[in-house]
Structures are given as structure tokens and as C-alpha cells.
Amino acid sequence: MSKILITGGLGYIGSHTAVVLIEKGYEVVLVDNLSNTREEVLDGIEQITGKRPVFYAMDLAEKQQVSDLFAREKDLIGAIHFAAYKAVGESVQEPLKYYQNNLCSLIYLLAALDQIPGSALIFSSSCTVYGQADTLPITELAPIKPAESPYGNTKQIGEEIIRDLCAVSDRIKAIALRYFNPIGAHSSALIGELPLGVPQNLVPFITQTAIGIRERLSVFGDQYPTPDGTCIRDYIHVVDLAEAHLAALERILGGGMPENFEVFNVGTGQGNSVLEVVHAFEAATGVKLNYAIAPKRAGDVIAAYADTQKVEQVLGWKARYTLEESLAASWAWEQNIRKK
Ligand code: WQD
């Protein structure tokens, strides 16, 4: 059974990817520093899959801890690397925390994988590397724009580090997945996006407003050059996103990659405005949402949604869930975690 390391494995996308890999027959080893999640996520993974993966609480930004991990888990053949700090606003205030954590973790992981002939790396990247793309939908050939935050810069630099290693090493192959906007939760509502602190992202703020934790949703600006004046994004169900990681992993392990490093945009290909998401949530759940228009948020791009031709044709992957299904799943998760 192929053994795969999932870093950030108790996080939102990491935990959903662990479920998909386990259900596909992979053995997974999860590592997480628990800075933005809780160990009980492991219980949800076990309840869903019937298996409790090996878990190490550790800091990938500590080189010795990474070496010890690979010495202990000798038969790892690859890694899916989610572990990173990801709060855009915080990264502006604390750049060195982001560069040190996100880049050292990646470098130490790559150094370990590069000792394993035939190893595979899937890297969690982001559509944020495109900034405000000049052309929509966004293809992988769109120019990389100067990062709008240290967080986004760690994704750009991370891709460059991987590209440079894959250019000279014949021991490792890598795929970077540039996510659009992950939302939703597993159908069991046993895992989802853990609400730690005030949500920065739209959908967790919507569900917390709907359940009464937040007074109202602030819609950050309605004077953008879009049909209804609010920003447009590509909201992808987290289970669809998890399955894209499986497809990428199997592309590498299946052999036949013409290059040692490939990049894919992973989205639904559909753009929806903030107000469309609000109204889709109300339609999907029957819950009336309290919201008010507020000033625009610094750093927001007007519109971003994926051109999915490459990921569909090369990885054979396509998003299956609709926006309404994703929002209903987010709502079911919010209701479930508030029961405890
Ligand atoms: C979506 C839209 C907001 C909250 C970020 C990161 C990106 C990736 C995904 C990590 C925007 C609007 C939001 C609110 C609102 N993260 N909004 N009221 O900014 O597209 O992407 O998360 O990889 O790197 O940048 O997602 O959910 O924050 O915002 O009106 O309370 O919702 O203005 O238009 P974003 P988001």
C-alpha cells in the first residue's frame, strides 16, 4: 500500500484529502503543528473512513523534526504539502513569520523527498499568484503578478523553489495546484473548516451569521465593475478539491509526466459574485441572511475564476458539486459543530 505524507493533514483541505486518499486505498501519515486546527479532527477522519491514520504533532519548520519523521516513516513515497500559515492580513503585519514558516517547511520537506527516488510532491498553491488577471477565465499561462501579500508571495516563491529543484533532480516530480476559493464540507458534516477566531473568508462568515454568532455579514463593496457591483470568485467544493489532489498524485505515480514539474488551476470554471453567493445560500438553506454593504476591502481583486481546460484534459478531473450543494454542506457543518 503506497504511503503518503500529508502535511497540514488536520487542516481544512488536508483532512478532506486524507479521507479521499484513505478511501482510495492509500496509507496516509498526517503531520500538523495544530496552530490552526485541533487534534480531534482525527476523530472525524476515523469516523468517516473507519481508519485512524498515524498522526504526528510537529513543526515542519524545524529541520531536525523533518529528518526524524522521514527516518521513522521510511517507506513514504510522496507528500501532499498543505502546511502553511495562510491569513493574508496577518502576513502583511508579520512577514518574517510567514516567510520563515512557509518557506523553511517547504525546503526541509523537499530536501527529505529528494532523498527518495521516484518521490512525488503535490504543492498547495493559490490563484492569488495571478493577482487581478488581465484575462478571464484564468489559464495557467496567465502572468504571475507581483504578490499582494507576503502570504501570496510565499506561494509564488514556493513554486519557484520546487521548479528549480525539479529542473536538476531526477528523484522527485511535483505538481502545484493553484486553488481558487475552497468552500463546503464533507457530506457527513464530521469534518469541515474549523472556525478559529473571526472568519476572514466569505462563506464561514455567512454560516456564522446565519447561525447567529455574527450580527450581520458585511459585503465588502458593491461598486466594482461587475454585473451586481460585488466581487466575483470561483467557489469550489472542498471534496472536489481533495479529489483533484488524488488525481495529481496518481498522475505522478502513474509515470509519464513529460516534465518534472507541472501547474494546474483548480476551480469550477464558474464565477459567482458575493451577492450571488448570499442569495444561493438563502435558496439552498431557506435561511434569510442579514447583510449590509460595507466599504471595499484593501487587496481584493475584482474577479477571479478558473479556465479548467488543462486540469480536465491532463488530470481528467472536473468539479462535480454546484455552488448551492457546497453552501448547503457548509451550513450542515456549521450546524453540526454548534451542537456540541
Ligand atoms: C471572497 C469575496 C471579499 C468576507 C482568500 C485568499 C486566497 C485563498 C482564499 C488561501 C471577496 C468578500 C469576504 C466578508 C465579503 N486563501 N467578502 N465579506 O479573498 O477571494 O481569497 O481566500 O489560499 O489566497 O486571498 O476569499 O472568502 O476572503 O473573499 O464581502 O466578510 O468575499 O471581499 O470579494 P478571497 P474571501
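Q: Where does A189 lie in this predicted model?
A: Let's start with a single residue of this predicted model. A189 has a phi near 60°, a positive value in a residue other than glycine. Its place in the chain is the loop between β7 (181–183) and α7.

Q: Is A189 buried or exposed?
A: The cut-off to keep in mind is that buried means under 20% relative accessible area. A189 has a relative accessible area of 8%, so the residue counts as buried.

Q: Which residue in the loop between β2 and α2 has a phi near 60°?
A: Most residues other than glycine have a negative phi, so a positive value is worth a look. In the loop between β2 and α2, a positive phi near 60° belongs to L34.

Q: What is the relative accessible area of L34, and which class does that give?
A: Residues under 20% are buried and those over 50% are exposed, with partly exposed in between. L34 is therefore partly exposed, with a relative accessible area of 28%.

Q: Which backbone oxygen does the side chain of T37 reach?
A: T37 sits in the loop between β2 and α2, and at 8% relative accessibility it counts as buried. Leaving aside neighbours within four places in sequence, T37 is in contact with L10, G11, D32, L194 and L196. At 2.7 Å, its side chain reaches the backbone oxygen of L10.

Q: Which peptide bond is cis, with omega near -5°?
A: Most peptide bonds are trans. For the cis one, look to the loop between β5 and α6 (150–168), where P137 lies. With omega near -5°, the cis bond runs from L136 to P137.

Q: Which element gives the most residues to the largest nonpolar core?
A: This core has 44 residues, and L21, L30, L177 and W317 touch the most other members. Elements giving two or more residues include β1 (3–7), α1 (12–23), β6 (172–179) and α8 (238–253). With 10 residues, the one that gives the most is α8.

Q: Why does this core lie between two domains, and which are they?
A: The domain assignment gives the chain two domains, 3–183 + 234–266 and 202–233 + 269–335. Both of them give residues to the core, so it lies between domain 1 and domain 2.

Q: How many residues of domain 2 are in contact with domain 1?
A: Taken over C-alpha atoms, the centres of the two domains are separated by 24 Å. On the domain 1 side, 27 residues take part in the contact; on the domain 2 side, the number is 29.

Q: Which residue's backbone N or O atom lies 2.8 Å from an oxygen atom of the ligand?
A: Two side chains are worth finding beforehand: an N or O atom of N181 is 3.0 Å from a ligand oxygen, and one of R297 is 2.9 Å from a ligand oxygen. For the backbone atom at 2.8 Å, the residue is L202.

Q: What percentage of the ligand's exposed area does the protein bury?
A: There are 19 residues around the ligand, and the closest are Y151, L202, S218, R233 and D300. Taken alone, the ligand exposes 690 Å², and the share buried by the protein is 89%.

Q: Which element gives the largest share of the shell around the ligand?
A: Two elements give two or more residues to this shell, namely α7 (202–210) and β8 (217–220). The largest share is four residues, and it comes from β8.

Definitions and conventions
Residues numbered from 1 in each chain as written. Predicted model: local features only at pLDDT ≥ 70, side-chain atom pairs only at ≥ 80, totals over all residues. Heavy atoms only, no water. Core = buried A, V, L, I, M, F, W, Y, C linked by side-chain atoms within 4.5 Å. Buried < 20%, exposed > 50% of the residue type's maximum accessible area, 1.4 Å probe, protein only. Domains from an automatic or database assignment. Near = heavy atom within 4 Å. Polar contact = N/O pair within 3.5 Å; in protein donor to acceptor, adjacent residues only side chain to side chain. Areas by Shrake-Rupley, 256 points an atom, 1.4 Å probe, with all protein chains shown as cover. Contact = heavy atoms within 4.5 Å.
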